[in-house]
Amino acid sequence: MPSAESSFSAQKFAGYGVAAVAAVLVLYPVFFLLQAALDVGDPQVRPPTAYGLDNFSGIFQYPQILLNTLTVSVAATVMSLVFGFVMAWILTRTNVPGRHLFEQLMAVPYYLTPLLGALAWSLLGSPESGFINQVWRALGGNDHLIDINTAYGIAWVMALFEGSVAFVMIAAVMKSMDPALEEASQIMGAGRLRTMLRITLPLVVPGVLGAAIFVFAEMLGSFAAALVLGTPSRYYVITTAIYQLVQQYPPKIQIAAAMGASLFAVMFFMLFLYRRIVMAGSYVTITGKAFRPRVADIGPLRYLLLGVCLLYLFAAVGLPLITLLYASLQKIAVAFPAADNWTLENFRIAVTMNAVRSALGNSLLLGFATATIGVVLMGLLAWLIYRSRLPGSGLIEYVVMFPQAVPRLVFAFGLMWAWVVFPIPIYGTLSLLLIAYLTVFLPLGVRTIAGVMLQIDKSLEECAQMCGASWAFRVRTVTIPLLVPGLVAAWLLLFIASIRELGASILLMGPHSKVITPSIVESWFGTSSELTAALALIQTLVVAIAMIVLVTITRRVGAHPVE
Amino acid sequence: MADSKKSIVTRRMLLKAGAAVPLLGMAAPAVLAQAPLKSPTKILDFMTNADVAKAEQEGQLVFYCHENEPGTAGIMEGFRKDFPKINTSYVRAQTGALYNKIVSERSAGRFDVDVIQLSDLAPAVDFQKKGGYEQYLSPETGAYKADHLSSPAGSFFWTGVDPAGIAYNSTKVSAADAPKTWQDILNPRWKGSISCKISASGLQFVQWYTLRKLYGADFWKEFAKQNPHAFDSRVQLFDRLAKGDDLITAIGEYPAYILFKDKGAKVEFVAPADGLPATPLIVGAVSKAPHPEAAKLFVDWAMSKRGQAWYQTNPNLYYGSVRTDAPPMPTGVRLGDLKLLYPADWDDYAANRDVFAKEWNGMIGL
Amino acid sequence: MPPSPAPGSQVSPTPHIEVNGLELYYGSVPAVRGVSFNVLPGEQLTLLGPSGCGKTTTLRAIAGLEQPTAGEIRIDGVTVYSSQRGISIRAEKRGLSMVFQSYAIWPHMTVFENVAYGLRVRRKVAAEIAERVDRALEMVQMRNFASRRAAQLSGGQQQRVALARAFVFSPSVLLFDEPLSNLDAKLRADMRIELRELQHRLGITSVYVTHDLEEALAMSDRIVVMRDGLIEQTGTPDEIYRLPNSAFVADFVGSANLIRGRHRVDLDTDGLTALETSAGHIVYGMAYERAVGAELVVSVRTVHLRISTEPPAAMQNVWRVPVRQTVFQGDFTQVHLGWGEQHLIARCAAMEPLAAGQQVYIAVEPRHVVVLAG
């Protein structure tokens, strides 16, 4: 018997509640960032005494930084696109052996963190002490072969480690292409090359363009590589400049804030452009189209391409890990160590150092908390935005995707000011880091869960509705069980992301809240490179274990982790 | 402000004149403001005015320090060894940044720090003026000359001295080519292969000030042409030196030299005849501390023979001690054996902070 | 078009479902543009039409899964939706049941759990649930699969489970959203009959959506033919088939030849209506109480056109025409014939093969020539 309607519902409460939380998390720090950027009064005095735009014009005192940022970002984007395109082509369109495995492995550099890559490549490519250069000189070469402390060196590391996003996006585009379009071309007599140039390329270009814009926006906000490789020779990009301005004495907070706000504006614009061109509304990459891409049989050429794939993975994963291991086992890291240069001391110190233990412990604890709370929060948000029909859900999508446009470091800036004045004493504690992580990971988590959610046929939930189940009942009995594989994948992604987090943590750590990745950076700038290498390897081990668990679980349950 | 300036000058003049002045008397106004002195108790092998039982009940010590990570951890390790019931936690940042941090926090109403160690006298004096230090007279104070204490005493003391000369990579630089005097660091052959410290470093400020006084303002302008690499920590400087990333360092700190030599690095130290710029390392308990008794206990510990021995012998520290009864440094050298260059007029020094920062940042930073 | 009363009926019983003036726009795009019909208790009403006609949208609006823009929906006398009075009852509270096109079988549950879901929602005790689920599975011949993981079933099996799940909690109304369209032809034919039997046995009021003509004709008590968001015609399968009231319905519900012409009032005789085509042929048909204008269109079903090589006995509606083409379709053959400037199509069961160009006689009884309304 149909019964009367009641206006209050659990649905609305959960929906608007979680929307309010997201809005506070995201907008509160942005407000403080802007306030700091517009503060032209005495920097020591809070709240600001005078407002103005002087800080923004002050940015132009540093034209070199802007130029550097552009150079590095463009170079890194181009390199990422090249790597991404080549690898995507090889792995989705040819019959290279083991391509499914390689596709999964392409995510590994991302998990390894660009910091690790930067450390390793610094050890490899420093003009004087870099291993590659030492070998070069031993082989009779002059001076040095490569100098990693230049714009192109930085871009190289950025592309290797942060460029896997380009691969994922381009591969998705290639996979969603209807092979019949190419087959039609070939049936009409066009050769393979001509088909690729006239049919495939034009079809792929919009997707590649979208990837280019997205990757460029990411590169603008990149921090780790420029920090390790650029700072020593005073090569600053905007993010490292902001960090420098904040850390140096006396700090130039207001200009740093203005720089951050400007960077934010540029990235926001780029991401807005990206959405207009490619996604037309949603950030969810459309997966699961029913096309199976045509795989070309390239004969013996596949072994050459296999070599290319292996080479890429070697450069991005194998070589850095080997290098770090090599360095961490020496007293003073050189390419050709004497017999008495080997030692386990670095590992012993790393493992016994109280600071490291507590940093690792904090990171693990924080990882658990972030992943667990995050999954619930972001799950609700994903449902609110993509599945509920509550009014205003479109607006919440914008708010949730906001942090994508703000580099972590800049966001942490706002967070710093926002929560230092908060009456509850969370400043300098792990709770602040937790809030920071939940905020900056919103886009990642919501996107991942939404991707899985949208793959669930709506009719499964509607059917439960037609059987009479209330919203809470069907979420519990139908939606959540179906989401579990995706939720697990999201949990692990959040866990790994929080352990490898650098930009926000480095500004927000307090005495009781040290975490591992910024500690590695501090070690790089404050202790020997060998000890730092040992620390980095320990951190990698933790991430590797988490990653293996991720792959095992999601394979078993049959879902695929969406990046 | 005027008072302390007057009192420094007065005391200095008096000391030069050889007169000894009872500390308590000179410091009268500030000391009267303190709570009545308890009689000091002996703990381990030193005297303390802190309530040790209460300190252990507090169970925590929050330490802000300019030292690098292993150095700071090392200091904490020493204290914890003697007082295992007190958990230590620390924040480290180079002096300028560290000072800035604590000031911002305090202005936002956050008082989370118990003890702070700085490598620059200027911010210490500034902090004292702001009332940032807890007025606490340690019973160990008597073992220190007035020059090595705050004025009036009770705010901070010199827990050590960090002198710096020149250091170079001995495989890449022959003894003949090696720099011998301070002028030698301006030699164009070192361009692009020379390092120094960042502007937040107290020692760098001292070096800038003292050599400027000796050789004129153009000295550092010439140095800027060397395109030096600047870093936060002496370990980093020597790390690069040992690996050959830099050929020489313009600010080779003696403690780091000892550490790396022990590791077997091919580095050599040069003590130019004109002297070694040195900065005091300043420790003081912070006012409105969350764990006041632990803070006081730490100060006493640091001032004591025991604490000073730790500072001197820990490989990550190797500080020179100014305690009047301290033994020589592990290498056998005494601080008194070295010709140390301090700023003659600490107030003029402090006043030049901004000038230094601007010039130095212009050279190596933003 | 207002629903036409079933011929020979007296006062209609209280309708179980009433839909009045239903409109549904997606933004400015119309899906349903004003639809009204009733469903009587125990009857199966089918919404039939091509894709995009709004039939599924209408069904989902009744279910409560779509929010209409205007109109009124009443179920068993209770208003579940009224735009005027601002009433909109949530789907789960309407007491209906639905079988989905994709079956929507929950893969993480067993067959038993799937079927038991509606009973669990209604908080029935375990014993009752077990008994009713067992009976329901029995009725769809899936009893042995009770403990099977739902994800391992074939399409047809999932279909049955979906069905059992839908009626196990004895709903008063069953909604079907093209439930057979994902099955292969043979299975579809079998399932049609089973569904019909089941519906009769349970006596549940059903609203059924399909684009498949055969299905609609075989299963329905009444059919609502829809096009472009509006109703074209409502009636029993027989009525719709024999007496289509528009060219669209005529051609959609079984293949038909449409013939236009001028009304020759002077030749009307015996209740027959005469029309003259542009080619000069005189065709006799029946108006069936429809208004006849000066120009009219008649519909002749392809199966009603008789082909013979010898002249037939009938006097009216006989023509000698050439064969253009024959298309063999197995159970029948489609013969394309030339007739003046027009093409006529006849469907014949097995007959001797005809050659293209061969002259044959075609004839159709006037009662099979239906004047189309307006």
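Leu381(A) touches four residues, leaving aside those up to four places away in sequence: Val18(A), Ala22(A), Val400(A) and Val446(A). I start there since Leu381(A), together with Leu119(A), has the most contacts inside the largest nonpolar core, a set of 394 residues. Before going on, a reminder that this is a predicted model.

Staying with chain A, next is the side that touches chain C. That contact takes 20 residues from chain A and 25 residues from chain C. Two helices of chain A, α22 (458-466) and α23 (471-499), each supply at least two residues of that side of chain A. The largest share is from α22(A), with seven residues. By residue type, the side of chain A that touches chain C divides into 12 nonpolar, five polar and three charged.

Now the other contact, between chain B and chain A. Here 37 residues of chain B are in contact with 37 residues of chain A. On the side of chain B, several elements each supply at least two residues: the helices α5 (69-82), α6 (95-107), α10 (234-243) and α15 (353-364), and the strands β4 (87-92) and β8 (229-231). Which element gives the largest share of the side of chain B that touches chain A? That is α10(B), with five residues. The residues on this side of chain B divide into 16 nonpolar, 13 polar and eight charged.

A few words on chain B as a whole. Chain B has 15 helices and 12 strands. Of its 366 residues, 54% are buried. If you take the contacts in chain B between residues at least 6 apart in sequence, 78% of them join residues at least 24 apart.

That leaves chain C. Chain C is divided into domain 1, covering 17-96 + 171-242, and domain 2, covering 255-371. The C-alpha centres of these two domains of chain C lie 35 Å apart.

I will take two pieces of strand pairing in chain C. The first is around strand β15(C), residues 295-301, which is mostly covered, with five of its seven residues buried. What does β15(C) pair with? Strand β12 of chain C, residues 256-263, runs antiparallel to β15(C), and seven bridges join the two. In that pairing, Val300(C) of β15(C) stands opposite Asn257(C). Strand β21 of chain C, residues 369-371, also pairs with β15(C) in the antiparallel sense, over three bridges. There, Val298(C) has Val371(C) in β21(C) as its bridge partner.

The second piece is an open sheet of five strands in chain C, in the order β16-β20-β17-β18-β19, with antiparallel pairing. Why is one side of β16(C) and of β19(C) left without a neighbour in the sheet? Both β16 (306-308) and β19 (342-348) of chain C stand at the edges and have a single partner strand each, so one side of each has no neighbour there. On average, neighbouring strands of this sheet are turned by 45° against each other, with direction ignored.

At the β16(C) edge, the partner is strand β20 of chain C, residues 359-363, and the two pair in the antiparallel sense over three bridges. Ser308(C) has Tyr361(C) in β20(C) as its bridge partner.

That is what I have; over to you for discussion.

How values were computed:
Residues are numbered from 1 along each chain as its sequence is written. Chains are lettered from A and ligands numbered from 1 in the order in which they are written. This is a predicted model: local features need pLDDT of at least 70, side-chain atom pairs count only at pLDDT 80 or more; totals for chains, interfaces and linings use all residues. Helices (H or I, at least four residues) and strands (E, at least two) are DSSP runs, numbered from the N terminus. A residue is buried if 20 or more other C-beta atoms lie within 10 Å of its own, exposed if 12 or fewer, and partly exposed in between; C-beta atoms are placed from the backbone. Two residues are in contact if their C-beta atoms, placed from the backbone, lie within 7 Å. Ala, Val, Leu, Ile, Met, Phe, Trp, Tyr, Cys and Pro count as nonpolar, Asp, Glu, Lys and Arg as charged, and the others, Gly among them, as polar. Two strands pair if DSSP finds at least two bridges between them. A nonpolar core is a set of buried Ala, Val, Leu, Ile, Met, Phe, Trp, Tyr and Cys residues joined through C-beta atoms within 7 Å. Axes are lines fitted to C-alpha atoms, for helices over the stretch in contact, and angles run from 0 to 180 degrees between N-to-C directions. Domain bounds come from an automatic or database domain assignment.
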